[in-house]
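Biologist: Could you take me on a close look at one part of this model? I would like to follow the charged side chains and the strands that carry them, and then see what surrounds them.

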Amino acid sequence: MMRTRTCACGGALEIVAASNEHGIVVDHLRCSRCRGGGHRLVDRASDAVLLEDGPVFGVARHD
């Protein structure tokens, strides 16, 4: 999976915080246009995107 660079609304995604948890980088994202949020999980070793989740990717989150 390639990294998504734009929000579902067309705005640019910005990384507002990042953390490294057991070899997985978690990017906390915010859209510059709609201010929606989301998360991206990336495997640090291979730089592969494991998951993109949240409204900015057009995915409704249900907790």
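Modeller: Gladly; what follows starts with the sheet, moves to the salt bridges, and ends with the cysteines and the nonpolar core. Please keep in mind that this is a predicted model.

Let us set the scene with the sheet. Four strands make up an open sheet in the order 1-2-3-4, and their pairing is antiparallel. Strand 1 (13–21) and strand 4 (49–53) are the edge strands, each pairing on one side only. From one strand to the next, the twist averages 20 degrees. As general background, strands of a sheet pair through backbone hydrogen bonds, either parallel or antiparallel.

Strand 1 and strand 2 run antiparallel and are joined by eight bridges. One of the pairings to look for is Ala-17, whose bridge partner in strand 2 is His-28. These two strands form a hairpin with two residues between them, and His-22 in the turn has a positive phi of about 55 degrees.

On the other side of the sheet order, strand 3 (residues 37–43) pairs with strand 4 in the antiparallel sense over four bridges. Here His-39 has Asp-53 of strand 4 as its bridge partner, and Leu-41 stands opposite Leu-51 in strand 4. The hairpin of strand 3 and strand 4 has five residues between the strands, and Asp-47 takes a positive phi near 65 degrees there.

Now to the charged side chains. Where should you look? A search of the whole structure finds three salt bridges. Start with Asp-27, which lies in strand 2 (residues 24–31). The side chain of Asp-27 meets that of Arg-40 in a salt bridge, at 3.8 Å from N to O. Since Asp-27 lies in strand 2 and Arg-40 in strand 3, the pair ties together parts that are 13 residues apart in sequence. That 3.8 Å separation counts because the cut-off for a salt bridge is 4 Å.

Both members of this pair are buried. Asp-27 has a relative accessible area of 7%, and Arg-40 has one of 4%; each counts as buried because the limit is 20%. The surroundings of Asp-27 are worth tracing too: beyond residues up to four places away in sequence, Asp-27 touches Ile-15, Ala-17, Ala-18, Gly-38, His-39, Arg-40 and Val-42. You have already met Ala-17 in this list as the bridge partner of His-28, and His-39 as the partner of Asp-53.

Arg-40 has a further salt bridge, to Glu-52, with the closest N and O atoms 3.1 Å apart. This pair links distant parts of the chain, with Arg-40 in strand 3 and Glu-52 in strand 4, twelve residues apart. Glu-52 is buried as well, with a relative accessible area of 13%. Through shared partners, the salt bridges join Asp-27, Arg-40 and Glu-52 into one network.

The remaining salt bridge is formed by Arg-3 and Asp-47, whose closest N and O atoms are 2.9 Å apart. Arg-3 lies in the segment before strand 1 and Asp-47 in the loop between strand 3 and strand 4, so this pair ties together parts that are 44 residues apart in sequence. Arg-3 counts as partly exposed at 27% relative accessibility, and Asp-47 counts as partly exposed at 47%. You may recall Asp-47 as the residue with a positive phi near 65 degrees.

Next, the cysteines. The structure holds zero disulfides. Why is there no bond between Cys-9 and Cys-31? The sulfur of Cys-9 is 3.6 Å from the closest cysteine sulfur, that of Cys-31, which is too far for a bond; a disulfide would need the sulfur atoms within 2.5 Å. Cys-9 is partly exposed, with a relative accessible area of 32%, whereas Cys-31 is buried at 0%.

Cys-31 also leads us to the nonpolar core. The largest such core has six residues, namely Cys-7, Leu-13, Leu-29, Cys-31, Val-56 and Phe-57. Val-56 gives a good view of this region: leaving aside neighbours within four places in sequence, Val-56 is in contact with Thr-6, Cys-7, Ala-8, Leu-13, Cys-31, Gly-36, Gly-37 and Gly-38. Gly-38 brings us back to where we began with the charges, as Gly-38 is also among the residues that Asp-27 touches.

How values were computed: Residues numbered from 1 in each chain as written. Predicted model: local features only at pLDDT ≥ 70, side-chain atom pairs only at ≥ 80, totals over all residues. Heavy atoms only, no water. Buried < 20%, exposed > 50% of the residue type's maximum accessible area, 1.4 Å probe, protein only. Contact = heavy atoms within 4.5 Å. Pairing = 2+ DSSP bridges. Axes fitted to C-alpha atoms, helices over the stretch in contact; angles between N-to-C directions. Core = buried A, V, L, I, M, F, W, Y, C linked by side-chain atoms within 4.5 Å.
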